[in-house]
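Work through the following exercises with the sequence and the model at hand. Each task is followed by a solution in steps.

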Amino acid sequence: MSDLSHGSGEDAAAVNSLRSAVMRLGRRLKHQRVDESLSPTEMSVLGTLARCGSATPGELARREHVQPPSMTRIVALLEAKGLVRLEPHPDDRRQKVVSQTEEAEAMLEESRRKRNVWLASLVEGLDEDEWAKLRAAAPVLEKLAHL
């Protein structure tokens with residue numbers, strides 16, 4: 001694929017429109033939270049644990065693109081709220097493994113449900129052709145999110 005940052009004006013406009021729409025939609029989705037006491041970063045860490053399973057604080061820091069000391073503080077806050085537990089690492093006694101608790105799992109499920117309901121209500125405002133295009137674009141957006 002060509003370098004879109006130096007491509008046609010039409011390509012650059014499409015990239016700009018996509019960036020703006022994804023950012024705006026993401027901000028609006030973040031406001032559809034179940035637990036307002038959690039920061040977006042704390043929610044992201046819980047989501048990572050739900051998707052990827054248990055991890056050391058260092059692994060979480062890499063996945064979340066934060067410094068290890070910041071992750072140590074985040075994990076401590078989540079542990080104090082009863083949303084994660086720390087257990088000894090099976091191979092390295094110097095490390096701990098972070099796992100989500102049942103409470104975190106239930107909260108994440110409720111959060112996903114609330115956000116899905118909100119997003120579905122927006123989709124109702126689309127016509128059938130727009131909805132078909134959005135359904136077709138969903139796997140591509142998913143791929144972009146994980147590149």
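**Exercise 1.** Determine how helices α3 and α4 are oriented to each other, and which residues form their contact.

Solution. The axes of α3 and α4 are 9 Å apart and make an angle of about 110°; axes are lines fitted to C-alpha atoms, for helices over the stretch in contact, with angles from 0 to 180 degrees between N-to-C directions. The two helices are therefore roughly perpendicular (65 to 115 degrees; under 35 is roughly parallel, over 145 roughly antiparallel, the rest oblique). Pro57, Leu60, Ala61 and Glu64 of α3 are in contact with Pro68, Met71 and Val75 of α4, contact being heavy atoms within 4.5 Å. By class, the contact has 6 nonpolar residues, no polar and 1 charged (nonpolar: Ala, Val, Leu, Ile, Met, Phe, Trp, Tyr, Cys and Pro; charged: Asp, Glu, Lys and Arg; polar: the others, Gly among them).

The model is predicted: local features need pLDDT of at least 70 and side-chain atom pairs 80 or more, while totals for chains, interfaces and linings use all residues. Residues are numbered from 1 along each chain as its sequence is written, and side-chain values use heavy atoms, without hydrogens and water.

**Exercise 2.** Do the same for α2 and α4.

Solution. The axes of α2 and α4 come within 10 Å and cross at roughly 85°, so this pair is roughly perpendicular. Thr41, Glu42, Val45 and Leu46 of α2 make the contact with Met71, Ile74, Leu77 and Leu78 of α4. These residues divide into 6 nonpolar, 1 polar and 1 charged.

**Exercise 3.** Check the length of α2, then find its buried residues and what covers them.

Solution. Helix α2 has 13 residues (40-52), which should span 18 Å at 1.5 Å a residue, and the distance of 18 Å between its end C-alpha atoms agrees; the expected span is 1.5 Å times one less than the number of residues. Glu42, Met43, Val45, Leu46, Gly47, Thr48 and Leu49 are buried (under 20% relative accessible area; exposed is over 50%, partly exposed in between; 1.4 Å probe, protein chains only). Their cover includes α3, α4, β1, β2 and α5. After the helix comes Gly53, with a positive phi near 90°.

**Exercise 4.** Is Ala132 buried, partly exposed or exposed?

Solution. Ala132 lies in α6 (residues 128-146). Its relative accessibility is 30%, so Ala132 counts as partly exposed.

Methods. Helix = DSSP H or I, 4+ residues; strand = E, 2+ residues; numbered from the N terminus.
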